[in-house]
Amino acid sequence: MSIWGELAKNQRFAEGRHILDLFSADDARASDFSVHLNDMVLDYSKTNIDRGARDLLVQLAQDRGVEGRRAAMFGGERINETEGRAVLHVAQRAGDDAVITVDGADVMPQLRDIRARACAFAEDVRQGRFLGQGGAITDVVNIGIGGSDLGPAMATLALAPWHDGPRVHYVSNVDGAHIADTLKGLNPETTLVIVASKTFTTIETMTNARTARDWMAARVSDPAAQFAAVSTAQDKTAAFGIASERVFGFEDWVGGRYSMWGPIGLGLMLAIGAQNFDDMLRGARDMDQHFCDAPLDRNMPVVLALVGLWHNQICGHATRAVLPYDQRLARLPAYLQQLEMESNGKRVDMAGRDLDRQSGPVVWGEPGTNGQHAFYQLIHQGTRIVPCEFLVAARGHEPHLAHQHKLLVANCLAQSEALLRGRTLDEARASMADKGLEGAELDRQARHRVFPGNRPSTTLVYPQLTPFVLGQIIALYEHRVFVEGVVLGINSFDQWGVELGKELAVALAPLLDGDGEAAASKDPSTRGLLEYMRARQAE
Ligand code: F6P
C-alpha cells in the first residue's frame, strides 16, 4: 500500500476516535506532540494525529524529498522550474559571513550592499538628514500590491511598539478611494513616496504612483526628489524619473510574496529603524537554521506542514483558520492568504500533470477575540470541520493593561479547549437546570447547546511579539508552505493563475468607454454588466 493509502487507512480509524482518547491513552502526549524552538512552542497535540500517523507523515516528507529540495533551495538551485529561477529569499536574511551562490557566483556581497544602502537611507530619513521640500519627512506612502504590500504592511502593524519613525501608510488597491483617502490630510512637502514593485509594471501600482506624483507636483517643485523605488527593473524606475540613489534593487530569485526581508521592507525600516529590522532578520535566520538542522519530527515548519497536509489532503478539510490572539497581527491572515494560496493553489505538478489530490487549503482568519463574536459559531457547531491555528504571546506590550492580556490569553486557550472537549447532551441539560424545563422540551432546547468537540487545532505560543519573534513566525510559515508544496509535487514559486484576469482587465478597460459593438465577443453576462456600467457612468 502507498504511504498515502496507509495514511488514509489511519485517518479512517481516527475518524471513530475522540482526540481526548489520545490524551487518556498517553500521559506524555501534550509534550510529545509539541515542538520547541528557543522559547517558542508549537503544540499540535489537539489534533487527531497519533504516533503512527506522525511516523507515516514524516516518512511521506522523506519519500517526497523534502530534505533534498530544502538543500537545493538553500544551495541556490533553480527550483522554480517554470520560471527558471533560484528561490533565495533566505539569502536576504542570511548572516554577515554567509556565502550563497547562484550559478557559481556569490550573491551575498550585492545583497549586503543593497541592505546597507536601504538601511542608510531609512536612517537618513528618520534622523532628518534626508528632507522633504517642506522639512523633515513626517509621512511615508508605500505604493505596492500583493507581495510588495502585504508583508511590510502586516509587519508595520505587528511591530507598532517599535514604531518611532515617520507615519507609514500603505496604498495597494487601484480603487482611487484607497489613495485618495490616504493622501487626504498629508502634506506633500513632507511626504516620501515609495513605489514598491518587483516588476514595475503592475497596473495598480503604476496607476497609484502616477496619481501620487500628480498630487505632489501640485505643491512641490521637484516631486521626483521625494520618490524612492524598490524594484528588480531599474530601467523602468529610471524611466519613471526616480534617481538611482533612491532606487533599491533585488533579484528575480526573490519571489514577491517572500520579499519583505529586503528593500521591499523599506517602509517597515523607516517605521522601526534599521536595528529593529535587523532583529527581525535574525529571528527569520534562527528559524532557517532550525529548519535546516532539526530532525523532521522535531522540525517546526515540517511539523506544521505535516499537520496541514493531514487536515487538508488526508482528512479533506478544505479550509484552515489562522486565529492570532494579537490585534497587531490583524493583517497576518491576509498576508498568509497570499503566501499560502498563491504558492500552493496549483492544479498541476512540476511536470505539468494533474494533481492526484487537493492543492493547498483556503486560508482565512481574523484576530481573536473579535472572531469569537462573528464566525466561531460555525467553527464550534457548524457541520464542516475547520482546523484552527491559534497564535498567542505570553506577554503583551502594555504593562498597565496586563489584566487585559490575561483575558486575551484565557480566551485563546478556552477556544482550543472548547473545540477539543465540546459539550455533551447531558452537560447541556445540566447547564439548563435553572430554566425549569423537563422531558422533550428540555432535550429540544439542550440539543442546541451541544458542542460536538473533537475539533482539531494547533497553538503557537511565544514570550512576546518582538521583531525577532515576528521574523521567526513569518519564516516558519514560509518554510511550511515550501514543505507542503514539495510533498504535493507542485512549484510553490510561480503564480500563473493571476495572469488571465490581468490580461482580460486590460482588454476590458477600453470597452467601458467604447460602443456596444466592441463588446460583442464577450459572453452575455459580461456584455450585460458592461452595458449597465456604461449607461450609469454616462449619467
Ligand atoms: O499578481 C500577482 C503578483 O504578481 C504577486 O505575485 C506580486 O506579489 C504582486 O502581483 C505585485 O507584483 P509587483 O511587485 O511586481 O508589482
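This report describes a ligand site and a few backbone and helix details in a predicted model of a protein.

## The ligand and its surroundings

The ligand is surrounded by 13 residues, and among these the ones that come nearest are Gly147, Ser148, Ser197, Thr199 and Thr202. When the residues of this shell are sorted by class, 8 are polar, 3 are charged and 2 are nonpolar. The space that the ligand takes is the largest pocket.

## Polar contacts and burial

Three residues illustrate how oxygen of the ligand meets polar atoms of the protein. In the side chain of Thr199, an N or O atom is 2.6 Å from an oxygen atom of the ligand, while for Lys198 the partner is a polar backbone atom, with a ligand oxygen atom at 2.7 Å. Gln338 again takes part through its side chain, where an N or O atom is 3.2 Å from an oxygen atom of the ligand. Taken alone, the ligand would expose 390 Å², and the protein buries 87% of that area.

## Two backbone details in loops

Phe200 belongs to the loop that runs between strand β9 (191–196) and helix α9 (203–217). Its phi angle is near 60°, which is a positive value in a residue other than glycine.

A second detail concerns Thr369, which is found in the loop between β13 (362–364) and α15 (376–381). The peptide bond that joins Gly368 to Thr369 is cis, with an omega angle of about 10°.

## Val409 and its contacts

Val409 has its place in helix α16, which covers residues 402–421. If the neighbours within four places in sequence are left aside, Val409 is in contact with Val392, Ala393 and Ala394. For one of these partners the spacing can be stated in two ways: Val392 and Val409 are 17 residues apart along the chain, whereas their C-alpha atoms are separated by 6.8 Å in the model.

Notes. Residues numbered from 1 in each chain as written. Predicted model: local features only at pLDDT ≥ 70, side-chain atom pairs only at ≥ 80, totals over all residues. Heavy atoms only, no water. Near = heavy atom within 4 Å. Polar contact = N/O pair within 3.5 Å; in protein donor to acceptor, adjacent residues only side chain to side chain. Areas by Shrake-Rupley, 256 points an atom, 1.4 Å probe, with all protein chains shown as cover. 1 Å grid on protein atoms, 1.4 Å probe; cavity = no way out; pocket = protein on both sides within 12 Å on 5 of 7 lines; lining within 4 Å. Sits in = over half its atoms within 2 Å of the grid points. Nonpolar A, V, L, I, M, F, W, Y, C, P; charged D, E, K, R; others polar. Helix = DSSP H or I, 4+ residues; strand = E, 2+ residues; numbered from the N terminus. Contact = heavy atoms within 4.5 Å.
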